[in-house]
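Trainee: Before we go through this model together, could you take me from the overall fold to the individual side chains?

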Amino acid sequence: MKVSRYHKFLRTSLIIVLGILLFDGGFVFPVTKQLSRVTTTYLASVGAEMYASVPKNEFNTLTAQISEQQKLLDAREKALQEREIASRSFGTDGQTNYSTFILSVILFVLMVLIVINYILDWVRVRKNVYV
């Protein structure tokens, strides 16, 4: 039976996805699960930030009003940033861990493809032996 590139690709991808699943799920070392969650939260919080400020000037009569408005804007920006982080982090605060679920589904699909491939190869070889 000839081993094609397709067979090699399926086996290699199965091993890689299995390794990532073991790392992400924390099945071998529990610290890897925490590392995965912290990394996901960190990547969700990375973004461009922009600040604008007015330098304080005692001659300006609107400085107090501007600084008050700036404090309100900063509070709203912080709240918005926290909502963005929460929406991008896929609920890593003790809820569902989607990355482990997705990797498990990919691993299952790869296993099914490998089993189907070997069954079809076996049927083909048996058919050619009798012919």
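Mentor: Let us begin with a term: a residue is called exposed when its relative accessible area is over 50%, buried when that area is under 20%, and partly exposed in between. Please also keep in mind that this is a predicted model.

Trainee: With that cut-off in hand, does L120 count as buried or exposed?
Mentor: L120 is found in helix 4, and its relative accessibility is 54%. Because exposed means over 50%, L120, at 54%, counts as exposed.

Trainee: Which helix gives the largest share of the nonpolar patch?
Mentor: The nonpolar surface patch, about 1100 Å² in area, includes Y6, Y98, F101, V112 and L120. Eleven of the patch residues come from one element, and this largest share belongs to helix 4.

Trainee: In which helix is the place of Y6, and which residues does Y6 touch when those up to four places away in sequence are not counted?
Mentor: Y6 is one of the patch residues, and with a relative accessible area of 42% it is partly exposed. Its place is in helix 1, and its C-alpha atom is 9.9 Å from that of I114, although the two residues are 108 apart in sequence. Leaving out residues up to four places away in sequence, Y6 touches L113 and N117.

Trainee: Stepping back to the whole chain, in what order do its elements run from the N terminus on?
Mentor: The chain has four helices and zero strands. Read from the N terminus on, the order of the elements is therefore written with helix symbols alone, as α-α-α-α.

Trainee: What percentage of the residues of the chain count as buried?
Mentor: The accessible surface of the chain comes to about 10800 Å², and carbon and sulfur atoms account for 68% of that surface. Of the 131 residues in the chain, the part that counts as buried is 18%.

Trainee: Which residues make up the largest nonpolar core, and which of the helices each supply at least two of them?
Mentor: The largest nonpolar core has eight residues, namely L10, L14, V17, L21, L103, L107, L110 and I114. At least two residues of this core are supplied by each of two elements, helix 1 (5-25) and helix 4 (98-130).

Trainee: Taking L14 from that core, which residues does it touch beyond four places in sequence?
Mentor: L14 belongs to the largest nonpolar core, as do L107, L110 and I114. Once residues up to four places away in sequence are set aside, L14 touches L107, L110, M111 and I114.

Trainee: How far apart are the closest N and O atoms in the salt bridge of D121 with R124?
Mentor: Side chains of opposite charge can pair when their charged atoms come close. The structure holds one salt bridge, and its partners, D121 and R124, both lie in helix 4, three residues apart, about one turn of the helix. D121 counts as buried at 9% relative accessibility, whereas R124, at 42%, counts as partly exposed. Between D121 and R124, the closest N and O atoms are 3.7 Å apart.

Trainee: Finally, what distance separates the C-alpha atoms of T41 and R88?
Mentor: T41 has its place in helix 2 (residues 30-45) and is partly exposed, with a relative accessible area of 30%. Along the chain T41 and R88 are 47 residues apart, yet the separation of their C-alpha atoms is 7.8 Å.

Notes. Residues numbered from 1 in each chain as written. Predicted model: local features only at pLDDT ≥ 70, side-chain atom pairs only at ≥ 80, totals over all residues. Heavy atoms only, no water. Core = buried A, V, L, I, M, F, W, Y, C linked by side-chain atoms within 4.5 Å. Buried < 20%, exposed > 50% of the residue type's maximum accessible area, 1.4 Å probe, protein only. Contact = heavy atoms within 4.5 Å. Patch = residues over 30% accessible without salt bridge, like charges linked within 9 Å, V, L, I, M, F, W, Y side chains within 5 Å. Areas by Shrake-Rupley, 256 points an atom, 1.4 Å probe, with all protein chains shown as cover. Salt bridge = Lys/Arg side-chain N within 4 Å of Asp/Glu carboxyl O.
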